[in-house]
Amino acid sequence: MFEPVLLKNVDVADGHLVSTYEAGGGYQALAKALREYTPDEVIDLVKRSNLRGRGGAGFPTGMKWGFVPKRTGKPTYLCCNADEGEPGTFKDRIIMERDPHQLIEGLAVSAYAIGAETAYVYIRGEYVTAIRRLQQAIAEAQAKGYLGKRVLGSDFNFAIHIHCGAGAYICGEETAMLESLEGKRAQPRLKPPFPAVAGLYASPTVINNVETLACVPHIIMRGWDWFRGIGPEKSPGPKLYCLSGQVRKPGLYELPMGIPLRELVENHAGGALPGRKIKAVIPGGVSAPVIPEHGLEVRMDFDSLAAAGSMLGSAGVIVIDDSTCMVKVATRIIEFFHHESCGKCTPCREGLNWVVKVLRRIEAGEGAAGDLEQLDMLCKGIFGNTFCALGDGAAMGLRAALAHFRTEFVAHIEERSCPFTEEPRRDKTARKYG
Amino acid sequence: MTMREKIEEAAARYPDQRSAIMPALLIAQEEHGHLPGPVLEEVADILGVERIWVYELATFYTLFHTEPVGMFHLQLCDNVSCMLCGSEELLNHLETVLGIRKGDTTPDGLFTLSTVECLGACEMAPVMQVGDDYHAHLDVARINALLDSLRATAGAASVEHAPARLPGE
C-alpha cells in the first residue's frame, strides 16, 4: 500500500504552521543531516536514492549537486525554481501554500549538502497566498533556529530569500531564471558553462524544483533504499500528479512513479465527464506531446513516457474529451508558446508567430492546401535550433497533434469550418489571443 | 515605511543592486497602481542603476503595467485547462456585461479586463485573478456575483474616502 509523504500535511488544519510540521516529525531530517552526515554523505544518499528532478527535465539531483566545485573562493548559491508556469501544473503551489516548511527543510538540507549559505526562492508573482505563507514560514523557521546563524547549534549558516517573478514562463528555464534573478530580462544563457560551475553572479549554483527539494528530507529520514523501492528503478520515488481538464475529479494526486496513465486518469481522477469519452491526454504540461486514448497504458515515469514519444515533464496531466477540437487545443498551446517566447532566438520568435497564424487560419475554416506541410516544415525549423527547450516543446507538441489527429486538421481544411462548432461562428477577428 | 525604505530593505537581500530592480518595481507598482516613466526613473535613482535596465524589465514582464489599470483588474485565465472548462464563454460574458473588449477598461475606471496565461490553479478551472485573490470554479452566476461584490466594495470605498462635509454644507 502506497503511503503519501509529500502531501501528508496539505489537508491538515494549519498545515502551514511550524507547530503542525514539527508535530509530524518536521525538521528532524535537518537535525539528523547536521548531526550524522557530512555534506558529501548527504550528496551520496541523494545519489543512491536516484532522485530525479521534478521540474521537467528529470536530471539526477545528486549528480547535479556533485558537479558543484569546492573552494572556488566564491559563495555557492541554491535557487529554488518555484516559477511553475507550465500550463496544467499546480503542484508546487499546493506545497508552498499548505506545507511550506517541507520546502524550507528541503532547502536547508540541500544547502548544507552543497555548501550554500544563501538560497533564493524564485516564485511566480501571481502566487500571492503561497508567497505570504512562505514568508511567514521562513520567519517561523528563523525563530526556531532552523535558519540563520549556526543552524541548530552547528557551524552551518543559512538564509532564504524570496524573489518574486513578474509573469514570464521562460523564467522556469534555469539559466533564464538566473538572468531574471540578476535583474535582467529572462533570456536563456548558452551552456556550458553550466550553473553548477558559473550560475548566479557567476558563482556555483544549484537550481532545484520545489517538489524535488521537498523529497530530500524524506530521503534523509527514511533512507535512500526506501525512496528507491518506490516505482521503477530508473525513475523512483513518490510523485505528484496534477490532474485537470475534462475529468471528473481534478486535483493533485501523490502516487508512485510509474503508475499507468490510464489508472491515474480513470481510477484515481474518476475518468471522463458524464456522457463523454476521453479522446487524448497531455501527460506532462503543454510541453509534453499529447497521447491519444489508445496510448493510455503508458507508465508515468521519465523513461516510459520518453519511449512513448512524450515526456513526464511537470506531470501536469490535462484530460481532453471527445467534445473538444484538437486543432483548437493545438492552436491554444502554440499561442501560449508564442506569447511566452522571450524573443532571443529567431526560429522560436518568428517561427511560432508563423505557426500561430497558420493554425488560427485552419481553425477558422480558412485553411489551404499545403498548410499542414508548411506546419511540418516550420516544426522542423524550430526544433533543435534554439537556446532553450521552449521552441522544442512547442514543436514537439504540434508534431504530436498533427501525427495523432491529422484527420481533424484535414477536415477543417476540406470542410472549410470547424467540425466541433455547433453554433454559428462568432466574429473571429474580435477574439485574438496575445 | 516609505517606498524608498521598502526598496532599500529589499535591495539588502542581494549582493548586486541590479537584482533588486524586480522587487523594487513590484513595490513601486503597489504604491502607484502602475509604472509611468517618472516612477521607473525614481526606482532607478533609488537603486543607483541605469534607467534603461529598469525600463527593460518593466516592459518585459507581464505583471508590470506601464499604463493605468482599473480599480479591479480582472485577469481571466484562458490557457488549456481553463479553456476546456469554459473560459471562452466566460470571456464573452464578461465582455458583454462590462461593455468592453479584452484589454480595455470600463469608462468609470472600475474594471480592466484581461486574459492571462496559466495561473497555476488548473484543478479549480476556470480561474480568474482579481488583485491578490484567485476566484475558482467560475461560471456565469459566480462571475455576476463577483462583479456585484466588487462594485459594492468600490461603492463602500468611495463613501469611506469621500471628503468630510460640515453640517449645512
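**Figure 1. A salt bridge links the two chains at B:D78 and A:R332.** Here B:D78 pairs up with A:R332, and their closest N and O atoms sit 2.7 Å apart. Keep in mind that this is a predicted model. The count of salt bridges between chain B and chain A comes to 5. Polar contacts turn up here too: 23 residue pairs make them across the interface of chain B and chain A, with both residues at pLDDT 80 or more. Which helices of chain B help build the side that touches chain A? At least two residues each come from α2 (21–32), α4 (51–58), α5 (80–84) and α6 (87–98) of chain B.

**Figure 2. Chain B meets chain A.** On one side of this meeting are 42 residues of chain B, and they are in contact with 61 residues of chain A. How much area is buried between chain B and chain A? It's about 4100 Å², and carbon and sulfur atoms give 55% of that. Looking at chain B, the residues that lose the most area to chain A are B:F60, B:L84 and B:E123. Together these three make up 16% of what the chain B side buries. If you're wondering about the choice of number, the size of an interface is often given as the accessible area lost when the parts come together.

**Figure 3. The largest nonpolar core has 88 residues.** Some members touch more of the others than the rest do: A:I170, A:F337, A:L375, A:L398, B:L25, B:L47 and B:Y61 touch the most. Notice that residues of chain A and of chain B are both on that list. Which helix gives the most to this core? That's helix α13 of chain A, residues 326–340, which puts in 8 residues. In general, nonpolar side chains in soluble globular proteins tend to be buried together.

**Figure 4. A closer look at A:L398, and a second core.** Skip the neighbours within four places in sequence, and A:L398 is in contact with A:A330, A:I334, A:V355, A:L359, A:L375 and A:C379. One of these partners, A:L375, is also among the core residues that touch the most other members. There is a second core too, separate from this one, with 68 residues. Its members include A:V5, A:I94, A:I162 and A:C242.

**Figure 5. Parallel strands in chain A.** Strand β2 of chain A, residues 116–123, is mostly covered, with 7 of its 8 residues buried. β1(A) pairs with β2(A) in the parallel sense, over 7 bridges. Across that pairing, A:C79 faces A:Y120 in β2(A). β2(A) also runs parallel to β3(A), and 6 bridges join the two. Which residue is the bridge partner of A:I123 in β3(A)? Look for A:C164. As a rule, side chains in a regular strand alternate between the two faces of the sheet.

**Figure 6. A parallel pair in chain B.** Is strand β2 of chain B enclosed or open? Since 5 of its 6 residues (111–116) are buried, this strand is largely enclosed by the rest of the structure. Strand β1 of chain B, residues 72–77, pairs with β2(B) in the parallel sense, over 6 bridges. For one residue pair to find in the view, take B:L74, whose bridge partner in β2(B) is B:L113.

**Figure 7. A:T20 sits in helix α1 of chain A.** This helix covers residues 18–23. Is A:T20 buried or exposed? Its relative accessibility is 16%, so A:T20 counts as buried. Leaving out residues up to four places away in sequence, A:T20 touches A:V12, A:A13, A:D14 and A:G15.

**Figure 8. Two cis peptide bonds in a loop of chain A.** The loop between α8 (174–181) and β4 (205–209) of chain A is home to A:P192, and A:P193 is in the loop between α8 and β4 as well. A cis peptide bond joins A:K191 to A:P192, with omega about -5°. Another cis bond joins A:P192 to A:P193, with omega about 5°. For background, most peptide bonds are trans, and most residues other than glycine have a negative phi.

**Figure 9. Two arginines with positive phi.** A:R71 has a phi near 50°, a positive value in a residue other than glycine. You'll find A:R71 in the loop between α4 (61–66) and β1 (76–82) of chain A, and this residue is exposed, at 79% relative accessible area. Phi of A:R150 is also positive, near 50°. A:R150 belongs to the loop between α7 (128–144) and β3 (159–164) of chain A. With a relative accessible area of 48%, A:R150 is partly exposed.

Conventions
Residues numbered from 1 in each chain as written. Chains lettered and ligands numbered in written order. Predicted model: local features only at pLDDT ≥ 70, side-chain atom pairs only at ≥ 80, totals over all residues. Heavy atoms only, no water. Core = buried A, V, L, I, M, F, W, Y, C linked by side-chain atoms within 4.5 Å. Buried < 20%, exposed > 50% of the residue type's maximum accessible area, 1.4 Å probe, protein only. Helix = DSSP H or I, 4+ residues; strand = E, 2+ residues; numbered from the N terminus. Contact = heavy atoms within 4.5 Å. Pairing = 2+ DSSP bridges. Buried area = accessible area lost by both parts, 1.4 Å probe. Salt bridge = Lys/Arg side-chain N within 4 Å of Asp/Glu carboxyl O. Polar contact = N/O pair within 3.5 Å; in protein donor to acceptor, adjacent residues only side chain to side chain.
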